[in-house]
Amino acid sequence: MKKISAVVLVFVSVFTLNAQKPKDVGTGKPKLVVGIVVDQMRWDFLYRYESKYGNGGFKRLMNEGFNLNNVMINYVPTVTALGHTSIYTGSVPSIHGIAGNDWTDRETGKNVYCTTDNSVKGVGASNERIGAHSPHQLWSTTITDQLGIATNFRSKVVGVSLKDRASILPAGHNPTGAFWYDEGTGHFVTSSYYMNDLPKWLKDFNAQNWGAKLVANGWDTSLPIAQYTESTADDVPWEQLLGSAKTPTFPYTNLAADFAAKKGIIRTTPFGNTLTLKVAEAALDAYRMGRNQETDFLAVNIASTDYVGHSFGPNSIEIQDTYLRLDKDLENFFTMLDKKVGKDNYLVFLSADHGGAHAMGYMEANKMLTGLFDDGLQKNLEEELKAKYTHEKLIWAIDNYQIYLNQQLIREHKLDAEDIKQNIINRLNRDPRVLYAVDLAKIGSAAIPEPIKSRIINGYNWQRSGDIQIISHDGMLPNYAKKGTTHSVWNSYDAHIPLIFMGKGVKKGQSTKPYHMTDIAPTLAQILKIENPSGNIGEPISEVIGN
């Protein structure tokens with residue numbers, strides 16, 4: 001009896017100690033990390049539409065995760081390729097090398113797209129332009145690269161997006177795969193950089209023709225249109241047309257016929273997001289992600305929010321309905337992860353690559369400063385330069401709010417590059433649309449206030465950026481955005497992004513402390529207990545991980 005009593009006492013003591021031990025959310029690594037980057041998602045969209053969201057999507061993230069409400073992009077220009085690269089490298093264009101979605105070659109004047117790689121071929125792609133891509137222009141490692149290094153590349157890493165660059169750059173240099181949308185066929189494809197044939201699971205997915213199924217019934221509002229009180233009227237002059245639609249108004253009954261003729265139409269509908277999350281789930285199943293020995297990483301870009309935003313602007317019913325439908329898609333996706341991976345086994349973060357400006361027409365209608373900062377700019381500058389220096393085409397291009405000088409012509413004719421730059425800067429600083437114009441090689445000594453100065457420095461890649469940076473006045477858009485909207489600038493509407501972590505290793509809560517996009521990767525590195533990416537300049541967000 002004494003022996004039995006002793007055994008019982010030990011059992012009870014151990015049970016009591018375990019029951020009293022506080023639960024440590026940081027104990028153990030997640031089996032799966034899911035990065036969700038919502039293209040062109042302004043931070044305020046979390047709250048503007050909050051009353052219309054369900055409980056399982058954005059609200060679940062905010063209620064169960066850690067919500068960081070004051071996260072800024074710490075460089076210019078604020079565009080897609082830079083955003084995805086900076087999130088996953090913890091670095092900035094000056095270091096990681098991705099200076100824009102595209103940039104101008106400083107020696108030849110030719111356009112360079114950030115992921116085009118003529119040494120590889122498309123796999124499953126309808127043409128070389130769609131398929132010939134790789135991360136060869138990316139100089140720094142990514143958090144996904146570091147996960148591969150830490151596990152001797154046993155971790156499964158997959159990137160998916162409608163956009164090539166938004167799949168390729170987050171997935172890093174040596175992933176399991178990166179897959180993007182081919183609008184020629186309506187299929188997801190890859191390149192020979194990753195594999196020589198599409199995997200069977202992706203062929204099977206493509207064969208299901210999900211795109212046609214998703215647009216078959218057109219696009220109408222998911223709620224009665226009178227309930228979209230957070231948005232402007234359905235028919236305003238600053239919105240673009242969608243496909244063959246005659247007006248920018250609901251319902252869009254033309255989608256099925258338009259998709260049959262051109263598969264790219266799905267990009268500018270909420271169904272492009274649904275399609276992306278479906279292929280993400282197919283990849284998760286095929287590679288048994290979250291169910292392997294090592295932590296896996298699924299990098300998902302939600303891109304249709306960007307296409308809809310560009311076409312209709314951030315105050316449209318179209319963009320609101322896109323977010324309401326995305327909210328439901330996220331709820332379904334999280335429920336799927338709960339079932340297949342386990343609610344306590346995965347970590348998800350949601351952020352954005354950039355925000356978006358208000359449409360020029362919207363600003364004009366509401367009596368706010370706006371305009372086209374570059375309307376006639378290059379033509380007028382070139383005429384003035386020709387008159388002074390007797391040579392044409394002294395400017396290669398105006399790209400990413402930067403002026404690229406024709407260095408080849410300047411050398412050939414032994415012109416004074418410094419004098420040319422200063423003349424352009426003097427001319428720009430007299431332009432009422434320009435806030436600052438600065439010689440990028442001399443930005444360190446420029447009389448420009450923070451945080452603008454640091455953001456210019458961080459965005460300046462001396463091998464790929466231009467010679468002169470233009471910072472336009474608030475509300476100014478480039479000439480191509482006369483309707484709809486765009487993004488690129490330092491202002492909060494483009495640079496203030498959402499960031500929420502939820503799941504394994506994450507506290508619950510929220511913060512208004514200032515953080516940067518570059519802090520995401522080192523925070524993940526701490527949770528995963530792996531090294532930071534090679535070019536990382538960010539800091540771990542200790543509030544999220546509790547130490």
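1. Let me start with Tyr-49, which is buried in this predicted model. Its relative accessible area is 0%, and a value under 20% is what earns that label.

2. The ring partner to look at here is Phe-45. Phe-45 and Tyr-49 form a stacked aromatic pair, with 5.3 Å from centre to centre and 25 degrees between the planes. The pair counts as stacked because planes under 30 degrees apart fall in that class. Phe-45 is buried as well, at a relative accessible area of 1%.

3. It is worth following the rings onward from there. Ring pairs join Phe-45 and Tyr-49 with Tyr-53, Phe-58 and Tyr-323 in a cluster. If you have the model open, these five names are a good selection to display together.

4. Now for another pair, Trp-43 with Tyr-47. How are the two rings arranged? They are tilted, with 55 degrees between the planes and 5.3 Å from centre to centre. As for exposure, Trp-43 is partly exposed, at 22% relative accessibility, and Tyr-47 is also partly exposed, at 30%. Both get this label because their values lie between the 20% and 50% cut-offs.

5. On the overall tally, the model has 22 aromatic pairs. The Trp-43 and Tyr-47 pair is one of them.

6. Finally, do have a look at two lysines placed over ring faces. Lys-278 lies over the face of Trp-210, at 4.0 Å from the ring centre. Lys-263 lies over the face of Phe-259, and here the distance to the ring centre is 5.3 Å.

Technical notes. Residues are numbered from 1 along each chain as its sequence is written. This is a predicted model: local features need pLDDT of at least 70, side-chain atom pairs count only at pLDDT 80 or more; totals for chains, interfaces and linings use all residues. Side-chain values use heavy atoms; hydrogens and water are left out. Rings of Phe, Tyr and Trp (its six-membered ring) pair if their centres lie within 6.5 Å; planes under 30 degrees apart count as stacked, over 60 as edge-to-face and the rest as tilted. Buried means under 20% relative accessible area, exposed over 50%, partly exposed in between (1.4 Å probe, protein chains only). A charge sits over a ring if NZ of Lys or CZ of Arg is within 6 Å of the ring centre and within 35 degrees of the ring normal.
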